[in-house]
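Dear colleague,

I am passing on the structure we spoke about, with the sequence alongside. Please have a look at it first; my notes on what was found follow below.

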Amino acid sequence: MKKSLAASIGSSGRLSADDEEEDEASKMAIASYQAREEEIERRKMEVRERVESQLSRAEEEAKRLTQVWEELEVFTDPMRKDVSSVRKRLDMASRDLKSLQQICQKKEKEYKEAMEAFQEKSKEKAQLTTALMELVNQSENFRMKKLEELSKILNLKA
């Protein structure tokens, strides 16, 4: 590992083509990840809007059915059974919407946790990269000092 990193850094201190390719691959992976995150966020918003729309429609329909129900209670009408059936279906739709809302909240929580984990790993990677560069610099400095000492010893003997 030390040899490959030391070999990849030239006399100008620049990274080799392999390192640039790795950086480019990292950038592409990050860009891909960001694109996927944007797509997830867009889809999440679409689902949220649909759920909210359905929820408001269900609430409006529940109000209307309540009014109809009150009017029908005044009369003894053969449609009473139909209203009861529709009301049961409306209650089922409301329960389904509540379940969907809970699923959305759970998915949002999972998304936030995954994003936090990603950010932590990114920070860790940056810290490790910094530590690696410091170690490489220290190693190069140590070797240069040793070479200078050996050169002085040879010059003294010559």
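Which residues make a nonpolar surface patch of about 400 Å²? The patch is made by Met144, Leu147, Leu150 and Ile153. One of these, Leu147, is found in helix α3, which covers residues 80-157, and with a relative accessible area of 53% Leu147 is exposed, because the cut-off for that class is over 50%.

Please keep in mind throughout that this is a predicted model, and that the values quoted here are computed from it.

As for the overall layout, the protein has 3 helices and 0 strands, so that from the N terminus on the elements run α-α-α. Of its 158 residues, 9% count as buried, and the protein exposes about 13700 Å², of which carbon and sulfur atoms supply 56%. Among the contacts with a separation of 6 or more, 63% are accounted for by residues 24 or more positions apart.

Charge also gathers on the surface, where Asp18, Glu20, Glu21, Glu22, Asp23 and Glu24 form a patch of negative charge. Glu22, one of this group, is found in helix α2, which spans residues 17-74, and it counts as exposed at 52% relative accessibility.

The structure holds 7 salt bridges, and I would draw your attention to three of them.

The pair that links two helices is Arg48 and Glu108, whose side chains meet in a salt bridge at 1.6 Å, N to O. Arg48 lies in helix α2 and Glu108 in helix α3, so this pair ties together parts that are 60 residues apart in sequence. The two partners fall into separate accessibility classes, since Arg48 counts as partly exposed at 27% relative accessibility, whereas Glu108 counts as buried at 17%, the limit for buried being under 20%. Leaving aside its neighbours within four places in sequence, Glu108 is in contact with Lys44 as well as with Arg48.

Within helix α2, the side chains of Glu46 and Arg42 meet in a salt bridge at 2.2 Å, N to O; being 4 residues apart in that helix, Glu46 and Arg42 are separated by about one helical turn. Both are partly exposed, Glu46 with a relative accessible area of 34% and Arg42 with one of 39%.

In helix α3, Glu149 forms a salt bridge with Lys146, the closest N and O atoms being 4.0 Å apart, and these two residues lie 3 residues apart, about one turn of the helix. Glu149 is partly exposed, with a relative accessible area of 43%, and Lys146 is partly exposed too, at 39%. Returning to the earlier pair, salt bridges that share partners join Glu39, Arg42, Arg43 and Glu46 into one network.

Which charged residue is buried yet has no salt bridge? That description fits Glu37, for which the nearest side chain of opposite charge, Arg36, is 6.9 Å away. Glu37 has its place in helix α2, and, leaving aside its neighbours within four places in sequence, Glu37 is in contact with Tyr111 and Met115.

Lastly, Ser94, in helix α3, counts as partly exposed at 31% relative accessibility. Ser94 and Glu59 are 35 residues apart in sequence and, from C-alpha to C-alpha, 8.1 Å apart in space.

With best wishes

Methods:
Residues numbered from 1 in each chain as written. Predicted model: local features only at pLDDT ≥ 70, side-chain atom pairs only at ≥ 80, totals over all residues. Heavy atoms only, no water. Patch = residues over 30% accessible without salt bridge, like charges linked within 9 Å, V, L, I, M, F, W, Y side chains within 5 Å. Areas by Shrake-Rupley, 256 points an atom, 1.4 Å probe, with all protein chains shown as cover. Lys, Arg positive; Asp, Glu negative; His and termini not counted. Charge placed at Lys NZ, Arg CZ, Asp CG, Glu CD. Buried < 20%, exposed > 50% of the residue type's maximum accessible area, 1.4 Å probe, protein only. Contact = heavy atoms within 4.5 Å.
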